[in-house]
Amino acid sequence: QVQLVESGGGLVQAGGSLRLSCAASGSILSISAMGWYRQAPGKQRELVASMTKGGSTNYADSVKGRFTISRDNAKNTVYLQMNSLKPEDTAVYYCNARVLTGTLAYLDLWGQGTLVTVSS
């Protein structure tokens with residue numbers, strides 16, 4: 001079974017930092033794009049940051065200069081370093097990855113979500 005497992009959420013004060021991790025496991029041949037989305041209460045899920053296998057990145061305007069996405073292709077893992085956190089960053093953060101499995105199927109996978117709460 002191919003899956004994404006996230007870790008690293010929690011409660012932090014405004015101005016603090018957190019690092020999220022997301023590891024893909026199972027029968028995986030390759031992973032193209034990996035990214036992070038978030039969904040705040042009462043709002044739609046939105047892209048936070050994404051990275052291609054080649055290293056190209058894309059960030060939401062609201063997190064540019066504060067968040068950094070990175071990935072370890074050898075470990076099939078993507079990270080999100082979040083600095084200078086603001087209360088408006090409070091949300092459930094979801095990892096996403098487009099995976100080519102060992103059975104030659106492309107899957108668009110989502111993690112279970114990890115809650116980030118930023119207190120003022």
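Asn96 sits in strand β9, which covers residues 91-101. Strands here are DSSP runs of E with at least two residues, numbered from the N terminus. The model is predicted: local features need pLDDT of at least 70, side-chain atom pairs count only at pLDDT 80 or more, and totals for chains, interfaces and linings use all residues. Residues are numbered from 1 along each chain as its sequence is written, and side-chain values use heavy atoms, with hydrogens and water left out.

**Around Asn96**

Asn96 counts as buried because its relative accessibility is 11%. Buried means under 20% relative accessible area, exposed means over 50%, and partly exposed lies in between (1.4 Å probe, protein chains only).

The side chain of Asn96 makes a polar contact of 3.0 Å with the side chain of Asp108. A polar atom of the Asn96 side chain also lies 3.0 Å from the backbone oxygen of Leu109. A polar contact is a pair of N or O atoms within 3.5 Å; within protein, one must be able to donate a hydrogen and the other to accept it, and residues adjacent in sequence count only if both atoms are side-chain atoms.

Residues up to four places away in sequence are set aside for the next list. Asn96 then touches Leu4, Ala33, Met34, Gly35, Tyr37, Asp108, Leu109 and Trp110. Contact means heavy atoms within 4.5 Å.

**How the strands pair**

Two strands pair if DSSP finds at least two bridges between them. The table lists three pairings.

| Strands | Sense | Bridges | One bridge pair |
|---|---|---|---|
| β9 and β10 (106-110) | antiparallel | five bridges | Val99 and Leu107 |
| β4 (28-39) and β9 | antiparallel | nine bridges | Met34 and Ala97 |
| β4 and β5 (46-51) | antiparallel | five bridges | Tyr37 and Leu47 |

Strand β9 thus appears with two partners: β10 and β4. In a regular strand the side chains alternate between the two faces of the sheet.

**The turns**

β9 and β10 form a hairpin with four residues between the strands. There, Leu104 takes a positive phi near 65°. β4 and β5 form a hairpin too, with six residues between them. In that turn, Gly42 has a positive phi of about 75°.

Gly102 lies in the loop between β9 and β10. Is Gly102 buried, exposed or partly exposed? Gly102 is partly exposed, because its relative accessible area is 37%. Leaving out neighbours within four places in sequence, Gly102 is in contact with Ser27, Ile28 and Leu29. Gly102 and Val2 are 100 residues apart in sequence, yet 9.6 Å apart in space, C-alpha to C-alpha.
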